[in-house]
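The following note is offered to a colleague who has the model at hand. Its points are numbered and may be read alongside the structure.

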Amino acid sequence: MDLHFQEVNKGAKILETNIFSGDKKVFEELGSPDLCIHMAWKDGFIHNSTTHMENLSNHFIFLKNMIDRGCKRIAVMGSMHEVGYWEGAITADTPCRPLSQYGISKNALREAVLQYAKDKNTNIYWLRGFYVMGDDLKNCSIFTKILQAEKEGKETFPFTTGKNKYDFIDIKDLAAQIVAASTQDDYTGIINVCTGKPISLKDKVELFIQENHLKIKLDYGAFPDRVYDSPIIYGDNTIIKYIMNN
């Protein structure tokens, strides 16, 4: 599901349906799928956008209608920002105290959907994502901004200290994990889709610049580190490793 279909694989069947319409028969409108992978979200890179909370009820109503009408498997893309400030590995049992509108709304949707579906005949997979790389010209990540700055001929890029360590995953690896996690029955609920390997932002960005043969240099300390960013945070990949190997 997306707002635009221009680059969708031609082998895909495209259905134009407003998932925020509130229509209780949206399940049938979408072809009565055995599996729904819900990745729809607006302003994901704008953490305190008001649209996160404004759209929250619409996301829940859509998923509720899919459950009520008979969808047997529903996977929803979550985020490590549900957790808020945390140092170390995130597991399914890590307490959540989100510190942004994005994290608050994702956390609320997860709690609402899991609570609603607990006595329903539907598998819910909450796929908690971390830091995604790849397709860098088409997203709003720091890697996109570096490429744009290079294209504009800028010699330096304003940066933080880069010391914080995160769990980076290539979009192709993430896609494989999403499919595998959404099509099995051994594990439901929260599943981290991640590498389980924390790498400093500095090292990852410097490697990105090197691999893409960019001339731009990082201006360390131009921006302060965000107060709600943990010095080291990554996903416990025990469950997804099991899923991928079976």
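1. The largest nonpolar core of this predicted model has 23 residues, and Ile-146 and Val-205 are the members that touch the most others. Elements contributing two or more residues to this core are β5, α5, β7 and α7. A separate core of 21 residues lies apart from it, and includes Leu-30, Cys-36, Phe-62 and Trp-126.

2. Which residues does Ile-146 meet, once its neighbours within four places in sequence are left aside? The contacts are with Phe-157, Val-205, Phe-208, Ile-209, Leu-214, Ile-216 and Leu-218. Val-205, one of these partners, is also named with Ile-146 as touching the most other members of the core.

3. Ile-146 belongs to the buried set of helix α5, which spans residues 142–151. The other buried residues of this helix are Phe-143, Thr-144, Leu-147 and Ala-149. Against the buried residues of α5 pack three strands numbered β5 (131–133), β6 (156–158) and β7 (165–170), together with helix α7 (201–211) and strand β10 (217–219). After α5 comes Gly-153, with a positive phi near 85 degrees.

4. Ala-180 should be examined in helix α6, which covers residues 171–182. Its relative accessible area is 18%, and Ala-180 is therefore classed as buried, the limit being under 20%. Beyond its neighbours within four places in sequence, Ala-180 is in contact with Ile-243 and Met-244. Glu-211, by comparison, is 31 residues away in sequence from Ala-180, with 29 Å between the two C-alpha atoms.

5. His-47 sits in the loop between β1 (35–38) and α2 (51–54). Is His-47 buried or exposed? His-47 is buried, because its relative accessible area is 10%, and burial requires a value under 20%. Setting aside neighbours within four places in sequence, the contacts of His-47 are His-52, His-81, Ser-100, Gln-101, Tyr-102, Arg-226 and Tyr-228.

6. Positive phi values outside glycine deserve a check of the backbone. Asp-43, found in the loop between β1 and α2, has a phi near 65 degrees although this residue is not a glycine. Asp-43 is partly exposed, with a relative accessible area of 24%. Ser-32 lies in the loop between α1 (26–29) and β1, and its phi is about 50 degrees, again positive in a residue that is not a glycine. The relative accessible area of Ser-32 is 36%, so this residue is partly exposed.

7. Turning to the whole chain, the model contains 8 helices and 11 strands. The radius of gyration is 19 Å, close to the 18 Å that the globule rule gives for 246 residues, so the chain is as compact as a globular protein of that length. Along the principal axes, the C-alpha atoms fill a box of roughly 55 × 40 × 40 Å. Of the 246 residues, 43% are buried.

8. Contacts and surface complete the description. Among contacts between residues at least 6 apart in sequence, 80% join residues at least 24 apart. The accessible surface of the chain comes to about 13700 Å², and carbon and sulfur atoms account for 52% of this area. The chain carries 29 positive and 32 negative charges, and the mean positions of the two sets are 2 Å apart.

Conventions. Residues numbered from 1 in each chain as written. Predicted model: local features only at pLDDT ≥ 70, side-chain atom pairs only at ≥ 80, totals over all residues. Heavy atoms only, no water. Helix = DSSP H or I, 4+ residues; strand = E, 2+ residues; numbered from the N terminus. Buried < 20%, exposed > 50% of the residue type's maximum accessible area, 1.4 Å probe, protein only. Contact = heavy atoms within 4.5 Å. Rg over C-alpha atoms; globule rule 2.2 N^0.38 Å. Areas by Shrake-Rupley, 256 points an atom, 1.4 Å probe, with all protein chains shown as cover. Lys, Arg positive; Asp, Glu negative; His and termini not counted. Charge placed at Lys NZ, Arg CZ, Asp CG, Glu CD. Core = buried A, V, L, I, M, F, W, Y, C linked by side-chain atoms within 4.5 Å.
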